[in-house]
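Q: Could we go through this model together, beginning with the overall fold and moving on to the details?

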Amino acid sequence: MQCALCQNEEFETVSEVDAKSSDKLLVSLCNKCGLIQQNPIPTADELRAYYSYYYRVDYKKSYSPKLKHVFRAAITALQRIEFLCKSNITKGCLLDVGAGGGVYLFVWENGI
């Protein structure tokens, strides 16, 4: 595997177990630039499968979204956007680390 940032091939293992599901999940630290990434990085198809089904089961213990979770995420997203607007940040690129279910990014992108 290569580092997604610097293409280095030397890593140190940081973790081997997913904290939520206790499944095997190898996380590695690049010895050159310090980027921490899953090893190997999942393919687009693997990510699509995980986030369309397993994510909710692993993190919410549910197969479909609960209305209270959707409502809470929407309120939080609107509060974040209000903060950005008050800070005169109204357009441009945005990186949401730990985007969860993606409600915040959905609201930001769609101007809701």
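A: The turns below take up the fold, the sheet, the cysteines and one helix.

Q: What should be known about the model and the numbering?
A: This is a predicted model, in which local features need pLDDT of at least 70, side-chain atom pairs count only at pLDDT 80 or more, and totals for chains, interfaces and linings use all residues. Residues are numbered from 1 along each chain as its sequence is written, and side-chain values use heavy atoms, with hydrogens and water left out.

Q: Which secondary structure elements does the protein have, and in what order do they run?
A: The protein has three helices and three strands. Counted from the N terminus, the order is β-β-β-α-α-α. Helices (H or I, at least four residues) and strands (E, at least two) are DSSP runs, numbered from the N terminus.

Q: How does the radius of gyration of the protein stand against that of a compact globule?
A: The protein has a radius of gyration of 17 Å, whereas a compact globule of 112 residues would have one near 13 Å. The radius is taken over C-alpha atoms, and the globule rule is 2.2 Å times the number of residues to the power 0.38. Along the principal axes, the C-alpha atoms fill a box of roughly 45 × 35 × 20 Å.

Q: And what share of the residues is buried?
A: Buried residues make up 17% of the 112. Here buried means under 20% relative accessible area, exposed over 50%, and partly exposed in between (1.4 Å probe, protein chains only).

Q: What about contacts between residues 24 or more positions apart?
A: Among contacts with a separation of 6 or more, 35% are between residues 24 or more positions apart. A contact means heavy atoms within 4.5 Å.

Q: On to the sheet: in what order do the strands lie?
A: The sheet is open, with three strands in the order β1-β2-β3 and antiparallel pairing. Because β1 and β3 stand at the edges with a single partner strand each, one side of each is left without a neighbour in the sheet. From one strand to the next, the twist averages 25 degrees; axes are lines fitted to C-alpha atoms, for helices over the stretch in contact, and angles run from 0 to 180 degrees between N-to-C directions.

Q: How many bridges hold β1 and β2?
A: Five bridges pair β1 (residues 11-17) with β2 (residues 24-30) in the antiparallel sense. Two strands pair if DSSP finds at least two bridges between them. Within this pair, Thr-13 has Ser-28 of β2 as its bridge partner. The hairpin has six residues between the strands, and Ser-22 in it takes a positive phi near 65 degrees.

Q: And β2 with β3?
A: Three bridges join β2 to β3 (residues 36-38), again in an antiparallel arrangement. Ser-28 stands opposite Gln-37, and Leu-29 stands opposite Ile-36. Five residues lie between these strands in their hairpin, where Gly-34 in the turn has a positive phi of about 90 degrees.

Q: Is Asp-18, in the loop between β1 and β2, buried or exposed?
A: Asp-18 counts as buried, at 13% relative accessibility. Leaving out residues up to four places away in sequence, Asp-18 touches Asp-23, Leu-25 and Tyr-59.

Q: And Val-17: what is it in contact with?
A: Val-17 is found in strand β1 and is partly exposed, with a relative accessible area of 47%. Neighbours within four places in sequence aside, Val-17 is in contact with Ser-22, Asp-23 and Leu-25.

Q: Changing topic, how many disulfides are there?
A: The structure holds zero disulfides, a disulfide being a pair of cysteine sulfur atoms within 2.5 Å. For Cys-30, the nearest cysteine sulfur is that of Cys-6, 3.6 Å away.

Q: Why is Cys-3 without a bond?
A: The closest cysteine sulfur to that of Cys-3 is in Cys-33, and at 3.6 Å it is too far for a bond. Cys-3 is buried, with a relative accessible area of 1%, and Cys-30 counts as buried at 2%.

Q: Finally, which residues of α3 are buried?
A: In helix α3 (residues 103-110), Tyr-104, Val-107 and Trp-108 are the buried residues. They lie on the same side of α3 because they cover an arc of only 100 degrees around the axis; the arc is that of the directions from the helix axis to the C-beta atoms.

Q: What covers them, and what does the opposite face carry?
A: The cover over the buried residues of α3 includes α2 (67-86). The face turned away from the buried side carries the exposed residues Phe-106 and Glu-109. Just after α3, Gly-111 takes a positive phi of about 60 degrees.
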